[in-house]
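Visitor: I have the sequence and the model open side by side. Can you walk me through what is in there?
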Amino acid sequence: TELKASAMMDAVTRKGSEDNGGISVEMVKIPEKVGNGKSIVLIDHEDSFVHTLGNYLRQTGADVKTLRSGPSALAAIEKMVQTGNKPDMVVLSPGPGNP
């Protein structure tokens, strides 16, 4: 699972696109654990996958804060931004059913 989490963080920290006509992609210098120093807000849409997703993200070294979806989550994120604690990433869990 740590490999999956690292691969996901690697994919979101690349410069350029992999779909660029066969030209190699320049990689950003990545610390030992790609999530070190990153702040991630995980929005819980009331599904069981949110716990797995949170664990994947934490294994990268990121600081993960999980918020229940709804107006309170939006208010919490707005407060983070206003106080200078803007998260590096906001991740949405897929929600119940067949995502």
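Guide: Start with one pair of residues: Ile40 stands opposite Val64 in β2. Keep in mind that this is a predicted model.

Visitor: How many bridges join β1 to β2, and do they run parallel or antiparallel?
Guide: There are 6 bridges between β1 and β2, and the two strands run parallel.

Visitor: What is the strand order in the open sheet?
Guide: The order is β2-β1-β3, so to speak from one side to the other, for an open sheet of 3 strands with parallel pairing. The edge strands are β2, residues 63-68, and β3, each of which pairs on one side only. From one strand to the next, the twist averages 25 degrees.

Visitor: And which helix packs on the sheet?
Guide: Helix α3, residues 71-82, packs on the sheet and touches β1, β2 and β3. The direction of α3 makes about 140 degrees with that of β2.

Visitor: Switching to the inside. Which residues make up the largest nonpolar core?
Guide: That core has 10 residues in all: Met9, Val34, Ile40, Leu42, Val50, Leu53, Leu57, Ala62, Val64 and Val91. At least two of its residues come from β1, and at least two from α2. The largest share is that of α2, with 3 residues.

Visitor: Anything besides that one?
Guide: A second, separate core has 6 residues, including Ile43, Ala73, Ile77 and Met80.

Visitor: Back to Leu42. What is Leu42 in contact with, leaving aside neighbours within four places in sequence?
Guide: Its contacts are Val50, Leu53, Gly54, Val64, Lys65, Thr66, Leu67, Val91 and Ser93.

Visitor: Now Leu92. Where is that, and is it buried or exposed?
Guide: Leu92 lies in strand β3, residues 89-92. Leu92 counts as exposed because its relative accessibility is 54%, and the cut-off for exposed is over 50%.

Visitor: What does Leu92 touch, not counting residues up to four places away?
Guide: Leu92 touches Ile43, His45 and Leu53. As for Val50, its C-alpha is 8.5 Å from that of Leu92 in space, while the two residues are 42 apart in sequence.

Visitor: Last one, Glu46. Where does that sit, and what is its phi?
Guide: Glu46 is in the loop between β1 (39-44) and α2 (49-59). Its phi is near 60 degrees, a positive value in a residue other than glycine.

Visitor: Buried or exposed, that Glu46?
Guide: Glu46 has 54% relative accessibility, so it counts as exposed.

Note on methods
Residues are numbered from 1 along each chain as its sequence is written. This is a predicted model: local features need pLDDT of at least 70, side-chain atom pairs count only at pLDDT 80 or more; totals for chains, interfaces and linings use all residues. Side-chain values use heavy atoms; hydrogens and water are left out. Helices (H or I, at least four residues) and strands (E, at least two) are DSSP runs, numbered from the N terminus. Buried means under 20% relative accessible area, exposed over 50%, partly exposed in between (1.4 Å probe, protein chains only). Contact means heavy atoms within 4.5 Å. Two strands pair if DSSP finds at least two bridges between them. Axes are lines fitted to C-alpha atoms, for helices over the stretch in contact, and angles run from 0 to 180 degrees between N-to-C directions. A nonpolar core is a set of buried Ala, Val, Leu, Ile, Met, Phe, Trp, Tyr and Cys residues joined through side-chain atoms within 4.5 Å.
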